[in-house]
Amino acid sequence: MTENQINQLDPYVKVVNNQYVLQPPENNNVSQSMVTEIEDELSQVNADIKSNGYTIKTNDKTYGASTSAAFGVVLAKSSSNPTIKRFWWGIRVYMRNKTAVNKEIAEFKNGQAIAEFGSLVSPPVGVTLSVYFSNIADHLTNMRDAHPHSKLYMDINRFGAYKIKTY
C-alpha cells in the first residue's frame, strides 16, 4: 500500500469502541480489493490493541504510548531519543535532533530495530528484515547529512513502504 492510498483511506478509518473501523462513503473511488486489504490489516491491528490493552487516542488515531525505541519510556518533547507513535497504517518515528537521528541509525544498523519494529512491518518481497533495516539506516544517514540542522521524521507502513522527511 502506498502513502497516497493510506492518505486516501485515512479519513475513512474511524475509532469505534477502541477499535479501528473502515467506514468509506457509498460513492467512493476505493476498490473492493483495497477495502478488503485494509479491513484485514485493521483486524490484525485491532487484535494487537486488544491483546496488549492499548487505548486508541481518538484525536490523532494513535495507540500505545509515545516511546523511545531504545528504552520504551514516555518522552518529553525536548528528548534526544527518537519518539515513536503507532497508527493503524504503521509507525512514525520523530527525531528532534542529530543525537536522536544517530541513535535511530544505530538501532537500524545493529539489529535492535528488528526486535522493535519487526512485528509491525513487512519488508518488500524477497528482502530480509536485516537488509531492509540496513537500507533504512543508510537513508537516514543520507538525510542526516543532507539536513544537519533539521528535525526528521520517518514513516514506516505495515506494507514495507517508508519515507523520511524533515519537519
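Start in strand β6: select F87 and G90, because G90 is the bridge partner of F87 there. Strands, like helices, are DSSP runs numbered from the N terminus (strands are E, at least two residues; helices are H or I, at least four). Two strands pair if DSSP finds at least two bridges between them.

Before moving on, note that this is a predicted model: local features need pLDDT of at least 70, side-chain atom pairs count only at pLDDT 80 or more, and totals for chains, interfaces and linings use all residues. Residues are numbered from 1 along each chain as its sequence is written, and side-chain values use heavy atoms, with hydrogens and water left out.

**Stop 1: the strands**

Select β5, residues 83-87. β5 and β6 pair in the antiparallel sense, over five bridges. Two residues make the hairpin that joins β5 to β6. Now pick T83; Y94 in β6 stands opposite.

How many of the five residues of β5 are buried? Four are, and the strand is mostly covered. Here buried means under 20% relative accessible area, exposed means over 50%, and partly exposed lies in between (1.4 Å probe, protein chains only). In β6, six of the six residues are buried, so this strand is largely enclosed by the rest of the structure.

Add β7 to the selection. β6 and β7 run antiparallel and are joined by six bridges. Click R92 and find D155 in β7 opposite.

**Stop 2: helix α5**

Select residues 129-146, which form helix α5. The expected span of a helix is 1.5 Å times one less than its number of residues. For the 18 residues of α5 that gives 26 Å, and the end C-alpha atoms are 25 Å apart, which agrees.

Colour the buried residues of α5: Y132, F133, I136, A137, L140, T141 and R144. What do the buried residues of α5 pack against? Their partners are β6 (90-95), α3 (98-110), α4 (112-117), β7 (152-157) and β8 (162-166).

**Stop 3: F108 and the aromatic rings**

Move to F108 in helix α3. F108 has a relative accessible area of 3%, so it is buried. Contact means heavy atoms within 4.5 Å. Leaving aside residues up to four places away in sequence, F108 touches A113, F117, F133, S134, I136, A137, L140, M154 and I156.

Measure from F108 to F133: the C-alpha atoms are 5.4 Å apart in space, with the two positions 25 residues apart in sequence.

Now show the rings. Rings of Phe, Tyr and Trp (its six-membered ring) pair if their centres lie within 6.5 Å; planes under 30 degrees apart count as stacked, over 60 as edge-to-face and the rest as tilted. By this rule there are eight aromatic pairs. One of them is Y20 with Y63, edge-to-face, at 6.2 Å centre to centre and 70° between the planes. Y20 sits in strand β2 (residues 19-22) and Y63 in strand β4 (residues 62-67), 43 residues apart. F108 and F133 also form an edge-to-face pair, 5.2 Å centre to centre with 65° between the planes. This pair links helix α3 to helix α5. Select Y132 and Y162 too: with F108 and F133 they form one aromatic cluster.

**Stop 4: helix α2**

Select residues 32-52, helix α2. Its 21 residues reach 30 Å from first C-alpha to last, close to the 30 Å expected. Its buried residues are M34, V35, I38, E41, L42, V45, N46 and I49. They cover an arc of only 145° around the axis, which puts them on the same side of α2. That arc is taken from the directions from the helix axis to the C-beta atoms. Turn to the face away from the buried side and find the exposed residues Q32, S33, Q44, K50 and S51. Just after α2, G53 takes a positive phi of about 70°.

**Stop 5: salt bridges**

A salt bridge is a side-chain nitrogen of Lys or Arg within 4 Å of a carboxyl oxygen of Asp or Glu. The whole structure has eight.

Select E3 and K163, whose closest N and O atoms are 2.5 Å apart. E3 lies in helix α1 (residues 3-9) and K163 in strand β8, so the pair ties together parts 160 residues apart in sequence. Which is buried and which is partly exposed? E3 is partly exposed at 35% relative accessibility, while K163 is buried at 17%.

Next, pick R158 and E41, a salt bridge at 4.0 Å, N to O. R158 lies in the loop between β7 and β8, and E41 in helix α2.

Finish at R144 and D145, which meet at 3.0 Å, N to O. Then select E3, R92, D155 and K163 together: salt bridges that share partners join them into one network.
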